[in-house]
Amino acid sequence: MKWGRYLDNSMLFLGAAVPMGIVIGNAGFEAMISLTGLAWIVRAVLLRENPFSRIATNSAFLAWTAWFFCIVASLAINGAGTKGAGHDIVFIRFLLFACALLDLSTRRPIGKYFVWGLAAGILFAGMNTIMAYGAGFDLFGRSVERYTSKLKEPARFAGLCAMAAPFFLAWAQTARSEKSKQWIFFLALGVVALVILVQTTIRTAIIASFFGIFFAVFSTRYTKMGWMEKILWPVLLVTGIWITVQYVEGWNLRTFYDRIAIWKISVAMWQEHFFLGVGVSAYMDIYADFAVSGVVSPYVAPTGEVFDIQKAYHAHNLFLMLLSCTGILGLISFLWLFASCIWAALKNTMPWKYGLATWPVVFLVNGLAGSNIYNSWYQALFAFFAVLTLDQKNRFSNNSHALTCTTKKESG
């Protein structure tokens with residue numbers, strides 16, 4: 001059916017454009033995430049079919065559904081915070097985005113388009129960064145001052161580039177033996193992503209990306225390494241981390257002590273709401289209540305300085321954010337989803353399979369003290385890489401690293 005093909009194409013290109021949307025900002029990625037899910041629903045109505053029949057037994061779909069259920073159940077039990085109930089309910093857009101593309105991947109390969117979308121996102125971020133510093137404003141008229149903080153554009157660009165740099169560098173490493181010279185392009189993309197990342201000066205993201213690159217090197221070269229090289233790479237990793245810390249803030253541990261203070265309160269919040277947490281929209285409100293209640297004593301640093309953080313937007317730790325907002329059930333459902341992604345990455349036979357194996361490493365390291373999984377742009381980024389990894393329609397040759405595929409003509 002003509003409309004079926006049209007809507008499939010719409011879902012494919014909207015999903016692949018999510019990295020571009022992350023560069024654009026909230027309006028960009030939110031539109032692409034939401035319209036992808038909407039196109040999937042419209043397709044099901046027009047074709048009068050049940051799309052869930054194709055993904056009902058998919059482990060990732062079941063895990064994502066369980067995670068969303070934990071968000072809604074926590075909201076129902078605890079009530080909404082100042083962000084409102086709608087903030088939590090509309091997390092369904094990410095579930096629908098995943099459903100749409102998991103379903104689409106049973107009919108068509110989506111990987112090639114997503115890889116090109118990731119490449120376009122990196123180049124688009126680079127263009128905006130160059131223009132911002134060169135002309136004083138980016139392609140959207142946003143001032144360079146927005147690029148000198150660690151919020152807004154730098155935060156989004158850092159998250160995107162932290163995952164993209166090791167992805168493309170790992171792919172370039174494994175493609176070097178091929179006759180095709182595409183590996184040079186992949187290498188260039190990885191370097192561009194790394195340069196953008198470093199100039200954001202967001203320490204956690206930079207370190208996480210270094211771990212991803214380190215993992216890529218060891219996973220692709222370990223059997224070929226001599227003992228000197230096996231020593232060299234860990235030394236380079238430690239050196240890179242040391243230089244990053246010096247370059248960004250020096251050995252100032254105040255931000256680390258701030259995080260410990262936030263972690264103490266987040267743990268207390270989870271202990272009081274063990275199974276389903278306090279709710280995503282209510283996190284900031286409940287945190288503030290705990291902070292002023294005196295239930296949790298302030299953190300006293302080794303220097304004797306007292307850290308009493310009265311307000312926190314998130315837990316600054318992936319696991320504590322999951323626990324404090326959605327409890328042990330939310331953590332288990334997310335780990336189920338994440339394990340499905342890791343398993344899919346390990347079983348992948350696409351040309352970029354070694355690149356796919358790096359993003360979970362970056363995500364975990366960054367999650368130790370960094371980004372908030374319940375932040376909309378970060379969940380959009382997670383959804384993009386998860387769907388790319390979970391692509392079910394593999395039509396790529398195992399012996400080629402080229403961005404080519406053989407497809408059969410699809411019917412609506």
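## Loop residues with positive phi

With a relative accessibility of 48%, K152 counts as partly exposed, since the partly exposed class runs from 20% to 50%. The model is a predicted one. K152 sits in the loop that joins α8 (111-135) to α9. Its phi is positive, about 55°, although K152 is not a glycine.

T201 is another non-glycine residue with positive phi, here near 60°. The loop between α10 (182-200) and α11 (203-221) holds T201. Its relative accessibility is 23%, so T201 counts as partly exposed.

## Helix α9

Helix α9 covers residues 153-175. At 1.5 Å a residue, its 23 residues should span 33 Å, and the C-alpha atoms at its ends are 32 Å apart, which agrees. The helix bends by about 25° at C161.

How much of α9 is buried? Of its 23 residues, 22 are buried, so α9 is largely enclosed by the rest of the structure.

## Confidence

For the protein chain the mean pLDDT is 90, with 93% of residues at 70 or more. Among the elements of the chain, helix α2 (residues 18-24) has the highest mean pLDDT, 98, and helix α12 (residues 227-248) the lowest, 80.

Residues 395-402 have pLDDT below 50, and in the model this stretch makes 25 contacts beyond near neighbours in sequence. Over residues 404-412 the pLDDT also stays under 50, and the model has 18 contacts beyond four places in sequence for them.

Conventions:
Residues numbered from 1 in each chain as written. Predicted model: local features only at pLDDT ≥ 70, side-chain atom pairs only at ≥ 80, totals over all residues. Heavy atoms only, no water. Helix = DSSP H or I, 4+ residues; strand = E, 2+ residues; numbered from the N terminus. Expected span 1.5 Å × (residues − 1). Bend = angle between axes of the 7 residues up to and from the residue. Buried < 20%, exposed > 50% of the residue type's maximum accessible area, 1.4 Å probe, protein only. pLDDT = per-residue confidence, 0-100. Contact = heavy atoms within 4.5 Å.
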